[in-house]
Amino acid sequence: MKFFDQDKWNEIFVSIQKHKLRTTLTALGVFWGIFLLVILLGSGQGMQNGIEKQFRGDALNSIWMYGGSTSKTFNGLPKGRRIQFNNDDFENLQEQFPEIEYLAGRVFLSGTQILKYKKKNLSFSVFGVSPDMIHVENAQITSGRFLNKTDEQKRRKVAVIGSQIKDEVFGNEDPIGKDILLGDGMYRVVGISHDPESNQAQREIYIPMSVAQVVFHGNENISNLSLIGGDLSEEQVNQLQQGITETLAANHQFDPTDNRALYINNRYEDYKRFQNLFLGIKSFLWFVGLGTVLAGIVGVSNIMLIIVKDRTKEIGIRKALGATPRSIVSMILTEAIFITSMAGYFGLAAGIVVLSLLDNLDSDFFSSPEINLGVGLAAIIILVIAGALAGLIPSMQAAKINPIVAMRTD
Amino acid sequence: MIQLRNIKKAYKTEFTSLQVLKGIDLIIEEGEFVSIMGSSGSGKSTLLNILGILDDYDEGTYTLAGELMKNLSEKQAAYYRNRFIGFVFQSFNLLNFKTAVENVALPLYYQKVNRDQRLEKAMHYLEMVGLKDWSDHHPNQLSGGQQQRVAIARAMVTEPKVLLADEPTGALDSTTSHEVMNLFQEIHQNGKTVVLVTHEQDIAEKTERIINIQDGLILNSNE
Ligand SMILES: Nc1ncnc2c1ncn2[C@@H]1O[C@H](COP(=O)(O)OP(=O)(O)OP(=O)(O)O)[C@@H](O)[C@H]1O
Ligand SMILES: [Mg+2]
C-alpha cells in the first residue's frame, strides 16, 4: 500500500476534520508531552549556562597560589616567616611540571598609580603580569594585543588597559600606540582588554611582570602564581598540586604540610562541585523528562484504544462495503501517525517559542535556554511509534471482527 | 445466480450452540425479485448475511454467480463483498461524518476508483434515488426514508450482481416504505437480482416470489 496515496490522504483529512474532539485528544497528549519536555530540558540547560557564566571570570580549571607565613618550625627555622614567591619559583615550576599549560605570575604595585595622558590625570590599579595571564584570567582582547614574551624578556614599557580606562582617558581616540605616563615612566598602549569577571577589572592596567619588578620594586618577587593544567584528571591535578607544594616548600624551606605557608586555591574543585551539581540537575530533568514521555506513551496508547473502539461500527460498515483488514489498519495507523507527528512538531515549536521568550529573562542563574533538537525529535519519534504500536494491535483485532458484529456496536 | 445447498449454521458460545439454519436449499435465478419471510428469530437475517458474505456458514455450499463462496480469506471476502454484492441494512449504516454523496462513493474507494470519478458516479446514483439535491447533506440532516435511499444508492453504485436488503423498510413509515419499495421495483426492472427480508406481508407481495423460512428450514417457495 502506497503511503502517498492521494485518495487515502483525502479520506484521512476528511476523517480528521470531522472528528475534531478525537483528533484534539490524540494530539493534546503528544503536544503537551513534547512541549513540557522541551521546556524542562531547555530550562535545565539555561540554568547550566547561567551558572557556567558565573564562572567565566577565570578559567574554570585554574589553580591560584599565594604565599602565606609559616605556622610550623622547619629545619631549625622559626614559625612566622613570610613566604614570598620569586622568579626562581616561576622558572622551577615551568621546568619541573610540563603538564602545566599556562603559568602566570602577578606583581602588585602598592596603591594606585597616576596615569597621565594629555590633560587627563587619573589614578588606576596597575599589575605586572606574565603573558599567560590572559589565559588564566580568561580576559579578552578587544583591540590590539596582550603582553607577550618579548615584552617580558626585554622589559618593554608597554601596557594593556581595561576597556573602561580607554573610555575614561581616550574617549573616541584610538589608544593603541599612544604613550601614557605611569608613575615616572612612559608606557606605550598595545592593547585593550575586557575581563568578563567584574567591572573593577575594566579599570586595571597590565604591564610586563619584569617591568613591574625592576621599575617599581627593584627585586624579583612575585605576589602570586597561577596556572592552568592541560587536560588533566582530578587525580593528576591533585598530584600536580602536591608536586608544586613540595617544590615551593623546598625553595622556601617550609614544611610541605604547613597549610598556612602556602595558600592554594584550586578552582578544579569548585568546577567539579558544580559539574556534579549540573549532573544532578541534568539527571533529575532527564528523569522528569522521561516520566513525561512515558506519561505521553500511556496517554497515546489509551487514546488509540478508545479510538479503535469508537470506530468499530465504522470499521464494520467499511468492511461490509469491501474494505480489507489491511486497509482498515492502514487507515487507523496513518491517521494516528499523522496526528501524533503534527502534534509533536507543534509541541516542539511551541516549546522553542517559550524558551526563546525565557531567553530574555537573563538572570545570574539562567541564561540562553536551549534544547538539543535531536532530543526533541527523538522524543517525537518515540511517541509516534508508541502511538502506532499501541494502535496496531487493537486495530488489527477490530479489522478482523465480523462486520455484522462490528456494525451492531454503537 | 444464487445456489444454496444444505446450508447449516449454528451460533456457538462457550456453553451453548444454537442451530439457526438447519439445511437450506435455495436457488435464485438472475434477475429475480425475491422476498424472505418468517417469524422473528427464524434465521432470516442469518441467511441473508451468509448470502452477503458478511457471515460464514458451517456446512453446505453457496455458489454466487458461479463462484463457490467457501472458506474465503478476509481479502477474498472483501473483494466479493465489494464487487458482487450490494447490501442494504434496516438501520441504514451510513457514516455520519460523510455527506450523502461521499457515503455513496465509499465502495468505489475500495475499488481504487479515483475521487472525481467516484463522486461523479455517486451523483448519478443519488439522482436515480431522487436525492441529487441532497448530496451535500450529512445523514443526520436526512429523514429515515432519505437515508435508506442513500444506502440503496450506495449498494447500487458498484453495479453488484445481487442487491440484498434486510428489512429495508423496517424503520420507515408506510408512505416512505412504499417509496423505497418502488425503488427496488425499479432496480429489479432494470434486470438486477434483488433479495429482501421482510415480515410485512404487503411488502413481500410486491416481490415475484416469497420464500418462507421457519425454524431454520425453508417451508415453501410459492412462485
Ligand atoms: N451473533 C449471534 N450470536 C448468537 N446468536 C445469534 C446471533 N445472531 C443471531 N442469533 C440468534 O439466531 C437466531 C436467528 O437470528 P436472526 O437474526 O437470523 O433472526 P431473524 O429471522 O432475522 O429475526 P428478526 O425477524 O427478529 O430479525 C435468533 O434466535 C438469534 O437470537
Ligand atoms: Mg433479522
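Start by selecting chain B and turning on its surface: this predicted model exposes about 9900 Å² there, and carbon and sulfur atoms supply 44% of that area. Now swap the surface for a cartoon. You should be able to pick out seven helices and 10 strands in chain B. Turn the chain around as you go; along its principal axes, the C-alpha trace spans about 45 × 40 × 35 Å.

How does chain B, with its 223 residues, sit against a compact globule? Its radius of gyration is 17 Å, and a compact globule of that length would come out near 17 Å, so the two agree. Colour by burial and 56% of the 223 residues in chain B turn up as buried. If you draw contacts between residues at least 6 apart in the sequence of chain B, 70% of them join residues at least 24 apart.

While you're here, show the charged side chains. Chain B carries 22 positive and 29 negative ones, and the centres of those two sets lie 7 Å apart.

Next, zoom in on Ile53(B). You'll find Ile53(B) in the loop that runs between helix H1 (44–51) and strand E4 (59–64) of chain B. Check the backbone: phi of Ile53(B) is positive, about 55°, although the residue is not a glycine. That's worth a pause, because most residues other than glycine have a negative phi. Is Ile53(B) buried or exposed? Its relative accessibility is 9%, and the cut-off for buried is under 20%, so Ile53(B) counts as buried.

Now bring chain A back and look at where the two chains meet. The contact takes 25 residues from chain B and 26 residues from chain A. Between them the chains bury about 2400 Å², with 59% of it on carbon and sulfur atoms. Which residues of chain B lose the most area to chain A? Select Glu74(B), Phe97(B) and Tyr110(B): together they make up 28% of what the chain B side buries.

Hide chain B and take in chain A by itself. Its cartoon shows 13 helices and 13 strands. The radius of gyration of chain A is 34 Å, well over the 22 Å that the globule rule gives for 410 residues, so chain A is more spread out than a compact globule. Its C-alpha trace spans about 105 × 55 × 30 Å along the principal axes.

Colour chain A by burial as well: buried residues are 50% of its 410. Among contacts in chain A with a separation of 6 or more, 77% come from residues 24 or more positions apart. Switch the surface on and you have about 19900 Å² of accessible area in chain A, 57% of it belonging to carbon and sulfur atoms. As for charges, chain A has 39 positive and 41 negative side chains, with the centres of the two sets 9 Å apart.

For a sense of distance, select Leu21(A) and Phe108(A). They are 87 residues apart in sequence, and their C-alpha atoms are 73 Å apart in space. Leu21(A) belongs to helix H2 (residues 20–54) of chain A, and with 65% relative accessibility it counts as exposed.

Last stop: Lys118(A), in the loop between strand E4 (113–117) and strand E5 (120–129) of chain A. Here is another positive phi in a residue other than glycine, this time near 50°. Lys118(A) is exposed, with a relative accessible area of 66%.

Notes:
Residues numbered from 1 in each chain as written. Chains lettered and ligands numbered in written order. Predicted model: local features only at pLDDT ≥ 70, side-chain atom pairs only at ≥ 80, totals over all residues. Heavy atoms only, no water. Helix = DSSP H or I, 4+ residues; strand = E, 2+ residues; numbered from the N terminus. Rg over C-alpha atoms; globule rule 2.2 N^0.38 Å. Buried < 20%, exposed > 50% of the residue type's maximum accessible area, 1.4 Å probe, protein only. Contact = heavy atoms within 4.5 Å. Areas by Shrake-Rupley, 256 points an atom, 1.4 Å probe, with all protein chains shown as cover. Lys, Arg positive; Asp, Glu negative; His and termini not counted. Charge placed at Lys NZ, Arg CZ, Asp CG, Glu CD. Buried area = accessible area lost by both parts, 1.4 Å probe.
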